[in-house]
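Biologist: I would like to go through this model with you, one feature at a time. Please give the reasoning before each result.

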Amino acid sequence: MHMSRTKSSKDVYSLIAIVVLFVCIKAALLMYAHDVRWDESVFIGMGRYIASGGAQGLWEPLRPVLLPLMLSVLPDSLLFAELLAMMFGAGCIVVTFFIGRRLWDGRTALIAAALVAITPVFVMFSSYAFSDIPSTFFALSSVKETGSGSGIG
């Protein structure tokens, strides 16, 4: 039992290394400006609308409201939006690890977390204030193991 705890702690330390590497790469990429996409500008505008009580910004009722609520903390900050997206991206990596460890083993979980962390589409879209990465984080967080141990359900 002591051995599995040591192996488990090594896996967690490896996960921390993967997340720190991901965050460092994303922080380095923050120095380069990216084009603000349409959806990103709408979410930031909705955050401004919430923060100003409707005096500024815009409102699109068909958009999810959680991301604009988070962005309303600092509605004029594109940097804050990118940091928020980066935190949700790191959260996706962590949750992927814990799902993989619960269903398979620590090695498989680390491979899955590393693959998520280096996937080009994931790295790119974890810089934008879109609802995709936060919704992926919440969807992954909702995964639970069934009582029979047969997987997820």
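Biologist: What is the relative accessible area of Y49, and does that make Y49 buried, partly exposed or exposed?

Modeller: I should say at the outset that this is a predicted model. Residues under 20% relative accessible area count as buried and those over 50% as exposed, with partly exposed in between. Y49 has a relative accessible area of 31%, and so is partly exposed.

Biologist: Which elements make up the fold around that residue, and in what order do they run from the N terminus?

Modeller: The protein chain has seven helices and zero strands, and buried residues make up 33% of its 153 residues. From the N terminus on, the order of the elements is therefore α-α-α-α-α-α-α.

Biologist: How many aromatic pairs does the structure hold, and which parts of the chain does the pair of Y49 and W59 tie together?

Modeller: The structure holds nine aromatic pairs. Among them is the pair of Y49 and W59, which is tilted, with 5.6 Å centre to centre and 35 degrees between the planes. Because Y49 lies in helix α2 and W59 in the loop between α2 and α3, this pair ties together parts that are 10 residues apart in sequence, namely helix α2 and that loop.

Biologist: Is W59 buried, partly exposed or exposed?

Modeller: The relative accessible area of W59 is 36%, and the class in between the limits of 20% and 50% is the one that applies. W59 is therefore partly exposed.

Biologist: What is the geometry of the aromatic pair formed by F125 and F130, and which class does it fall into?

Modeller: The two rings of F125 and F130 lie 5.9 Å apart, centre to centre, with 35 degrees between the planes. F125 counts as partly exposed at 24% relative accessibility, whereas F130, at 11%, counts as buried. The class of the pair of F125 and F130 is tilted.

Biologist: Which residues form the nonpolar patch on the surface, and what is their accessible area together?

Modeller: The patch is formed by Y49, W59, V65, L66, L69 and F138. F138 has its place in helix α7, residues 132–141, and is partly exposed, with a relative accessible area of 39%; F138 also forms one aromatic cluster with F88 and F137. Together, the residues of the patch have an accessible area of about 520 Å².

Biologist: How many salt bridges does a search of the whole structure find, and which residues are linked in a network?

Modeller: The search finds two salt bridges. In one, the side chains of D39 and R63 meet at 3.0 Å, N to O, and this pair links distant parts of the chain, 24 residues apart, with D39 in helix α2 (residues 38–51) and R63 in the loop between α2 and α3. In the other, E60 pairs with R63, the closest N and O atoms being 2.8 Å apart. The residues linked in the network are D39, E60 and R63.

Biologist: Which of these counts as buried, and which as partly exposed?

Modeller: D39 counts as partly exposed at 32% relative accessibility, and E60, with a relative accessible area of 25%, is partly exposed as well. R63 is at 18%, which is under the 20% limit, so the residue that counts as buried is R63.

Biologist: Where do the buried residues of α5 lie around the axis, and what arc do they cover?

Modeller: Helix α5 has 13 residues, 106–118, which at 1.5 Å a residue should span 18 Å, and its end C-alpha atoms are 18 Å apart, which agrees. The buried residues of α5 are G106, A109, L110, A113 and A117. They lie on the same side of α5, because the arc they cover around the axis is only 100 degrees.

Biologist: Which exposed residues does the opposite face of α5 carry?

Modeller: An α-helix has 3.6 residues a turn, so residues three or four places apart point the same way. On the face of α5 turned away from its buried side, the exposed residues are R107 and I118.

Biologist: How far apart in space are F97 and I111, C-alpha to C-alpha?

Modeller: F97 lies in helix α4, residues 78–103, and counts as buried at 0% relative accessibility. F97 and I111 are 14 residues apart in sequence, and their C-alpha separation in space is 8.3 Å.

Notes
Residues are numbered from 1 along each chain as its sequence is written. This is a predicted model: local features need pLDDT of at least 70, side-chain atom pairs count only at pLDDT 80 or more; totals for chains, interfaces and linings use all residues. Side-chain values use heavy atoms; hydrogens and water are left out. Helices (H or I, at least four residues) and strands (E, at least two) are DSSP runs, numbered from the N terminus. The expected span of a helix is 1.5 Å times one less than its number of residues. Buried means under 20% relative accessible area, exposed over 50%, partly exposed in between (1.4 Å probe, protein chains only). The arc is that of the directions from the helix axis to the C-beta atoms. Patches are made of residues with over 30% relative accessible area and no salt bridge: like charges are joined within 9 Å, nonpolar side chains (Val, Leu, Ile, Met, Phe, Trp, Tyr) within 5 Å. Accessible areas come from the Shrake-Rupley method with a 1.4 Å probe; for residues, only the protein chains shown count as cover. A salt bridge is a side-chain nitrogen of Lys or Arg within 4 Å of a carboxyl oxygen of Asp or Glu. Rings of Phe, Tyr and Trp (its six-membered ring) pair if their centres lie within 6.5 Å; planes under 30 degrees apart count as stacked, over 60 as edge-to-face and the rest as tilted.
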